[in-house]
Amino acid sequence: SYDRVTVEDFLHGYGVSQKLIDNMLRAMVNGLTFLEPYEVSAKAAAYWIRNLTTTREAVKVGFARGGLGAIYVRKAVEYISERGGKVMSGVGVKSIGLKGKAVLNVTPTKGRNMRADVFVSALPYGVLRRVLPEEVYRYQYFRNLWRFEEAPSLSAMVWFDRKVLELANIATGIGTVFNWFADLTQVVPEAFPQEGSVLELVITPCGHLRPLSDERILEMVIADIRKLLPGARDAEVLKSRLVRDRQGIFAQRPHMDRYRPTQRTPLD
């Protein structure tokens with residue numbers, strides 16, 4: 001039932017003020033769902049809060065000490081390879097072939113068609129929609145994939161000539177263009193051994209900023225950093241960068257939960 005209302009409406013129903021939402025809860029919702037409290041399903045927030053408050057372990061904050069490819073992908077490849085599997089890198093999926101109601105093969109971007117007894121798709125919904133043959137859309141299951149929208153994000157990195165934040169954890173900006181941020185020299189010093197600070201800042205929601213140039217967005221970010229952190233006001237910005245090509249996440253808007261696909265498809 002929580003999926004029928006937004007986070008903001010749900011909180012208002014319990015007497016939570018708009019001021020409290022804007023100055024405390026908004027940053028949490030923005031950072032987790034990449035959406036505003038007035039547009040995200042209350043179920044999404046309730047699910048996260050339940051997980052966070054169930055165990056003492058759940059409230060611990062961790063940081064990736066290295067590239068995610070090395071941490072996650074390499075381990076997965078090793079696991080599969082040790083059990084007789086084969087991982088082909090640098091190969092995409094061009095199309096999926098059907099024979100009646102069953103998947104016949106997969107056409108890769110390199111090499112011959114691939115047959116198997118069982119096919120498992122781990123593609124993001126946007127990519128899956130592009131490679132599925134048109135005839136699958138006779139099933140409501142697959143037509144529902146077109147209901148999903150992306151909740152995008154931007155990421156900024158700013159290098160300073162001195163330490164501007166003495167905190168080995170993540171922090172939240174209130175009333176700033178970014179919400180979550182951290183000094184990478186503090187949280188992962190082995191990867192960023194610089195003398196000065198290297199701030200990484202997550203900008204979500206960001207749909208209203210995407211038409212702006214990288215330079216303009218970075219100007220706004222740096223202005224907010226100087227407003228928020230006294231140590232940054234006299235510090236020199238050595239360089240800055242905006243990352244736009246971050247993969248967005250599924251926009252968890254109200255009433256969307258019913259359209260999420262089950263693990264087994266109508267196809268054999």
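This is a walk through the structure above, moving from its strands and a helix to its cores and its aromatic rings. Keep in mind along the way that the model is predicted.

Let's begin with a pair of strands. Strand β1 covers residues 93–99 and runs antiparallel to β2, with six bridges joining the two. One of the residues in these bridges is K99, whose partner in β2 is A102. Together β1 and β2 make a hairpin with two residues between them. In that turn you will find G100, which has a positive phi of about 70°. Now look at the surroundings of β2, residues 102–108: five of its seven residues are buried, so this strand is largely enclosed by the rest of the structure.

Next, have a look at a helix. Helix α4 takes in residues 68–82, which makes 15 residues. How far apart should its ends be at 1.5 Å a residue? The expected span is 21 Å, and the end C-alpha atoms are indeed 21 Å apart, so the model agrees with the expectation. After α4 comes G84, another residue with a positive phi, in this case near 90°. This part of the chain also holds a charge placed over a ring: the charged end of R83 sits over the ring of Y79, 3.6 Å from the ring's centre.

Now turn to the open sheet. Five strands build it, in the order β5-β6-β7-β4-β8, and their pairing is antiparallel. Which strands stand at the edges? They are β5 (171–172) and β8 (237–243); each has a single partner strand, so one side of each is left without a neighbour in the sheet. At the β5 end, two bridges connect β5 with β6, residues 180–183, in the antiparallel sense. T172 is one of the residues involved, and its bridge partner in β6 is W180. As background for reading any sheet, side chains in a regular strand alternate between its two faces. Elsewhere, the charged end of K239 sits over the ring of W159, at 4.4 Å from the ring's centre.

What lies in the interior? In soluble globular proteins, nonpolar side chains tend to be buried together. Here the largest nonpolar core has 24 residues, and L201, I203, V221 and I225 have the most contacts inside it. At least two residues of this core come from each of β4 (154–160), β7 (198–203) and α8 (214–228). The largest share belongs to α8, which supplies five residues. To get a feel for the packing, pick I203: leaving aside neighbours within four places in sequence, its contacts include L154, A156, F178, I217, V221 and L242. There is also a second, separate core of 16 residues, with V106, Y137, F250 and M256 among them.

Let's finish with the aromatic rings. The whole structure contains eight aromatic pairs. One of them joins Y2 and F10 in a tilted arrangement, 4.9 Å centre to centre with 50° between the planes. F10 also pairs with Y14, again tilted, at 5.2 Å centre to centre and 50° between the planes. Ring pairs therefore link Y2, F10 and Y14 into a cluster, given that rings pair when their centres lie within 6.5 Å. Are these residues buried or exposed? Y2 counts as partly exposed at 38% relative accessibility, and F10 is partly exposed too, with a relative accessible area of 25%. Y14, at 66% relative accessibility, counts as exposed.

Terms used. Residues are numbered from 1 along each chain as its sequence is written. This is a predicted model: local features need pLDDT of at least 70, side-chain atom pairs count only at pLDDT 80 or more; totals for chains, interfaces and linings use all residues. Side-chain values use heavy atoms; hydrogens and water are left out. Buried means under 20% relative accessible area, exposed over 50%, partly exposed in between (1.4 Å probe, protein chains only). Helices (H or I, at least four residues) and strands (E, at least two) are DSSP runs, numbered from the N terminus. Two strands pair if DSSP finds at least two bridges between them. The expected span of a helix is 1.5 Å times one less than its number of residues. A nonpolar core is a set of buried Ala, Val, Leu, Ile, Met, Phe, Trp, Tyr and Cys residues joined through side-chain atoms within 4.5 Å. Contact means heavy atoms within 4.5 Å. Rings of Phe, Tyr and Trp (its six-membered ring) pair if their centres lie within 6.5 Å; planes under 30 degrees apart count as stacked, over 60 as edge-to-face and the rest as tilted. A charge sits over a ring if NZ of Lys or CZ of Arg is within 6 Å of the ring centre and within 35 degrees of the ring normal.
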